[in-house]
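Please open the structure in your viewer and keep the selection tool at hand. The tour proceeds by stops, and each stop begins with a selection.

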Amino acid sequence: MKEAPDCFLPLKVMPAEGDKIILSPAYFFPANIMSRGLFAGVSLVTKTIVVDASNGRAVISDADIRPCTVPDFPCIPRELPVKLSEHQALSAAEMMATPEEARGWRRGFNSVRVFFRNSEFNFVWHTYIIRGSLLIDAFTGEESEAADVIDILLR
């Protein structure tokens, strides 16, 4: 397993006073995805796939994401352990980057190749915020009502 990350995913939601902060290690995979189809031409798109090394959750983004330095947190964050190896995370990222129309019986009509930019791989912190009864993914801005359960499980 890897050592602790030294940079962070950019934050869409900033922590406030009174929030609890959870840091989860994540693998950051920039990729170029080439698609060819029987009825469509060739296309090349750039994506960024982030795979959480603690729970295996993958997020794909169209944006050109650059890891940032340590943000100023209002409290001491709790760090989650690494449970996925880089190889397992790379497999999850490739599956996430392959669209549904290029899997199963349809792959005869559509072809997708995922080219990871190895020089830009990174091991980063993914920040989660517990604010009252909300669990907020600070990277994507998504909110969930499960903060109470998460807080109990992390004690």
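**First stop: a pocket**

In this predicted model, the second largest pocket has a volume of about 160 Å³. To display its lining, select Pro 10, Leu 11, Lys 12, Val 59, Ile 60, Ser 61, Ala 63, Ile 65, Phe 139, Thr 140 and Glu 142. Which classes of residue make up the lining of the second largest pocket? Seven of the lining residues are nonpolar, two are polar and two are charged.

**Second stop: Phe 73**

Next, select Phe 73, which is placed in the loop between β4 (58-61) and β5 (78-79). Is Phe 73 buried or exposed? Its relative accessibility is 16%, so Phe 73 counts as buried. Now add the residues in contact with Phe 73, leaving aside its neighbours within four places in sequence: Phe 8, Leu 11, Pro 15, Ile 21, Leu 23 and Thr 127. Leu 11 has already appeared at the previous stop, as one of the residues that line the second largest pocket. Then select Ala 16 and display the C-alpha atoms: those of Phe 73 and Ala 16 are separated by 8.1 Å, although the two residues are 57 residues apart along the chain.

**Third stop: the aromatic rings**

Clear the selection and turn to the aromatic side chains. The structure holds six aromatic pairs. One of them joins Phe 29 and Phe 121, so select these two residues and show their rings. The ring centres are 4.7 Å apart and the planes stand at 80°; because planes over 60 degrees apart count as edge-to-face, the pair of Phe 29 and Phe 121 is edge-to-face.

Where in the chain do Phe 29 and Phe 121 lie? Phe 29 belongs to strand β2 (residues 20-37), whereas Phe 121 is in the loop between β6 (110-116) and β7 (122-131). The pair thus links distant parts of the chain, 92 residues apart. Phe 29 is buried, with a relative accessible area of 1%, while Phe 121 is partly exposed, at 21%.

Keep Phe 121 selected and add Phe 116. The centres of these two rings lie 6.1 Å apart and their planes are at 75°, so this pair is also edge-to-face. Phe 116 is buried, with a relative accessible area of 17%.

To finish, add Tyr 27 and Phe 123 to the selection: together with Phe 29, Phe 116 and Phe 121, these residues form one aromatic cluster.

Definitions and conventions:
Residues are numbered from 1 along each chain as its sequence is written. This is a predicted model: local features need pLDDT of at least 70, side-chain atom pairs count only at pLDDT 80 or more; totals for chains, interfaces and linings use all residues. Side-chain values use heavy atoms; hydrogens and water are left out. Rings of Phe, Tyr and Trp (its six-membered ring) pair if their centres lie within 6.5 Å; planes under 30 degrees apart count as stacked, over 60 as edge-to-face and the rest as tilted. Helices (H or I, at least four residues) and strands (E, at least two) are DSSP runs, numbered from the N terminus. Buried means under 20% relative accessible area, exposed over 50%, partly exposed in between (1.4 Å probe, protein chains only). On a 1 Å grid over the protein atoms alone, a cavity is a set of points where a 1.4 Å probe fits but cannot get out, and a pocket is an open set with protein on both sides within 12 Å along at least five of seven lines; lining residues have an atom within 4 Å of a point. Grid points are joined across faces, edges and corners, and a volume is the space filled by probe spheres set on the points. Ala, Val, Leu, Ile, Met, Phe, Trp, Tyr, Cys and Pro count as nonpolar, Asp, Glu, Lys and Arg as charged, and the others, Gly among them, as polar. Contact means heavy atoms within 4.5 Å.
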